[in-house]
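Q: Could you take me through one part of this model in close detail? I work with cut-offs every day, so please give them as you go.

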Amino acid sequence: MTKFNYTAKDFKSAAEVRWCPGCGDYAIMNAVQKTMADMDIAHKDFAVISGIGCSSRFPYYMSTYGFHTIHGRATAIASGVKSANPALTVWVITGDGDSLAIGGNHFIHLVRRNIDLNLILFNNKIYGLTKGQYSPTSDRGKISKTSPFGTIEDSFVPGQLVLGSRGTFFARAVDSNVKHTQEILAEAAQHQGTSVVEVLQNCVIFNDGIHDFVADPKFRAERQLFLKKGEPMIFGEQEDKGLILENGHLKVVKIGENGITRDDILVHHPEEDNLGLQVALINMALPEFPVAMGVIRSVEAPVYDQEMKKQIETVQSKRKVSCMDELLQSGNTWTVDGENCSEPVKFFDNKCFG
Amino acid sequence: MKDAKVIELEEVAIRFSGDSGDGMQLTGTLFSDTSALLGNDISTFPDYPSEIRAPQGTVGGVSGFQVQFGKKKITTPGDLAHVLVAMNPAAVKANAAFMNPGGTIIFDVDSFSEKNFEKAQFKTNDPFTELKLEDFIKIPVPITSMTKESLKDLELDNKSVLRCKNMFALGLICWMFDRPLDYIEGFIQKKFGKKPVIAEANLKVLHDGYNYGMNIQQATPQYIVHPAPIEKGTYRNINGNLATAWGFLAAAEKSGLELFIGSYPITPATDVLQALAERKDLGVKSFQAEDEIAGICTTIGAAFAGHLAVTSTSGPGFALKSEALGLSVMAELPIVVVNVQRGGPSTGLPTKTEQSDLLQTLYGRNGESPLVVIAASTPSDCFYYAYLSAKIALERMVPVVLLTDGFLGNGSEPWRVPAMAELPPITPRKATNPELFKPYNRDPETLAREWAVPGMEGYEHRIGGLEKNAAGAVSHDPENHHINTEIRAAKVEKVADMIPELELVGEPEGDLLVVGWGGTYGHMISSVRAMQDAGKKVSLAHFNYIKPLPKNTAEVFSKFKKIVVCELNLGQFASYLRDKVPGLHYYQVNKMKGLPFSVHELVENFEKILEA
């Protein structure tokens, strides 16, 4: 039984969507709207907060409360929203430039605090809104308008940054795989704490095809490893390949070769605090490894906004001061009531404050 | 034994001075509180270096605390001290220029060693002659050795013993000024409740200092300062930063909203954040952000979510907040930013006072970005101006910047605490009809939009930094932007309807109008009163409302032959006035020393201008 019977349509605003035709953002937005409808939470309790960039226009296309803020600060502003009202379901829409460059500091501190926000990181490895400059996730050597001879710097791996910031939830999906994205967003929404979902998103204009090698549906089974809680890490068209640990390192093996059986394959435990293995999964790259998709890490930890609420309740349960008049009169005060004293003049007397 | 010389004074200023580790701030605070409790009016001025522990014995490491108290209304901590307590030669050197001629210097004679003369860069072994302090009363007291002697039976290490030195000085000063010790005793017992030996040591040294004064009374004058005739009521001693924090608490309670502060520690504003972090009992949500930007951004988020949201900072932090402040102008969200100003530019003089962020506050953002600017003028009125800042923000849906400064923030004075019933109501502009709601629909009178927050059913809408039309849709329409730019400016100007007219201290017309703003009030009024007492036709117009200005400003200005604008910067308010109230000649008195004005220098300047 659902309370609200929402459909994705209930979350679409009347505003005309102005992303480029073919932009990966459309698919992601559909997945988000479907996820929100399925969450069965009152429409009025959603807030969508974004920074600056193509993806950050997102809130205007949603019919929920929304705030399109300034470059890099969506995470900080959303932190304020959620801390003020933990009853809200708050989504942060951001990109690789917004969150990992100009907003890098707020991003890592949001993750560290573990505020209960759902953050979708649209990673297209390029600055789209400013028309094609390299971003902090562009690969070394990337040729772009600001790197005409190729970049000479290494990129961030978003998952590494999240886990390095003591992140409690990290997942990865591909924009065009709407069904999978939706499954992942649903898990992210359920997670208590900051959930970061990196979506490999295609910018058709300035970085078209950047994720193709990974994302191409034709080779999906061979090139992507879909991680599921409690299941072996198996991939391949024939479901005949898997991961094992050898000398502390991940290794791709073929089931049935060299005496390897299904039972030898690693089983995925995103709920375990196993940073080493989870980072290794995040780091997997073609051609040696498939790229890990799905929820890579989802562990429990104290949630900032709940802790803030609890701390206030604890202090208030044994408070000595319960209102301003009591506070004003507390501590070192003394009374003046001598013969030569005059009647007090109220500060706001004779002043026109209605 | 003959009686001590008893001197009766109207007011007296004492300066406690020593190494930054000598506990001078605590000593001064305890003495001030004791005096306030006794019914004296007081004003204090902590003056300390930005290094937590600068090299011992050097002039750069000297930390001072000045308090003035008296039997009449005290408006400044005093230009010059009557009594200096100097814990070492460097303290004498650092303060020689701030002594009343013929004043008393009590110094720790044990610290007057060749080594310490060298550290303080004296050329000779006679610092008093070198500093031309021959005519002062100098009382050498072996503070260090007496403290050691006093504690020899307690098993304390040398470091702990030396930490009690300040209590010896405090005891001695309490005797000189006839202050009872009970308040200080209570403080020590509470502070060191878990360390009974330390408590005992401090108490013993305090009493020994007091008794020492009694025993050598032929050498020391004793001062009597009677209580001040002030308004009836309950009083407490309060500094500007605490008053600011409490003003926000009061506004939250009055408006029925929860209070959120998102902030980042910065001298001299940190106390505002600390004071609110302490008030979980009153439900305050305090968020220590990762940087200044996140400080204001979390604040904006909390305002979007329906809280009374504030952030505190000082100059450099205010600069970092400017982009987000522009967002709050555009999104028309009610936030209050407190800027406890300090000496700039850049890191500047972190622990010293200045008024040099005025133009940054008024204009330091991209685009046409008007907001309300208010300035507090005494430590205790920070409470009322913080309250009022919140009221204006919530009722007019506009960001407000409250300017205080290091002098107000750290300075303290006794304050008659108001009852909450004395404060005017605060009515946030919460939306009431979802059928009619549009994010940028405005009240035709005030031009304020309505506030609908997530969780309110039927008001779902989007706002942001992009220009919008009334319905809240993004709009690049030229006419729309032109009109909205004017509306945002007019909305701020309309705040003039809810603030009082400019009131003068003195006659409504005369030869000289002295103009000041913000934290210089105490020195301004003292100097203007001194001029008035001397029969000069001088009045004071002191501004708390900077933007918008009180409606009658031009009219008030027009009644004076000369106008002088005094401020702790190169003339920022003067140039603002030249723009807003044009056609007049504004003389200027400016000071950029990281210090408040002195009454003396103001009077001197006013006399020159009158003669010119």
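Q: Which strand of chain B do bridges join to S2(A), and do the two run parallel or antiparallel?

A: Happy to! A word on the model before the strands: this is a predicted model, where local features need pLDDT of at least 70 and side-chain atom pairs count only at pLDDT 80 or more, while totals for chains, interfaces and linings use all residues. Residues are numbered from 1 along each chain as its sequence is written, with chains lettered from A and ligands numbered from 1 in the order in which they are written.

Now the strands: S2(A) is joined by 3 bridges to strand S17 (residues 462-464) of chain B, and the two run parallel. Strands pair here if DSSP finds at least two bridges between them; strands (E, at least two residues) and helices (H or I, at least four) are DSSP runs, numbered from the N terminus. Within S17(B), Ile463(B) is the bridge partner of Phe67(A).

This pairing belongs to a wider contact, to which chain A gives 63 residues and chain B gives 65; two residues are in contact if their C-beta atoms, placed from the backbone, lie within 7 Å. On chain A, the elements that each supply at least two residues include strand S2 (65-68), helix H2 (74-84) and helix H10 (304-317). H2(A) provides the largest share of that side, 8 residues. By class, the side of chain A that touches chain B has 31 nonpolar, 23 polar and 9 charged residues. Here Ala, Val, Leu, Ile, Met, Phe, Trp, Tyr, Cys and Pro count as nonpolar, Asp, Glu, Lys and Arg as charged, and the others, Gly among them, as polar.

Val81(A) is a good residue to follow next. Beyond its neighbours within four places in sequence, Val81(A) is in contact with residues of both chains, among them Ile49(A), Leu88(A), Gly301(B) and Phe304(B). Together with Val514(B), Val81(A) has the most contacts inside the largest nonpolar core, which has 198 residues. Such a core is a set of buried Ala, Val, Leu, Ile, Met, Phe, Trp, Tyr and Cys residues joined through C-beta atoms within 7 Å, where buried means that 20 or more other C-beta atoms lie within 10 Å of the residue's own. Helix H16 (residues 381-396) of chain B brings the largest share of this core, 11 residues.

As for confidence, the predictor gives the complex an ipTM of 0.97 and a pTM of 0.91. Chain B has a mean pLDDT of 93, with 98% of its residues at 70 or more; pLDDT is the predictor's confidence in each residue, from 0 to 100.

Terms used:
Buried ≥ 20, exposed ≤ 12 C-beta atoms within 10 Å, placed from the backbone.
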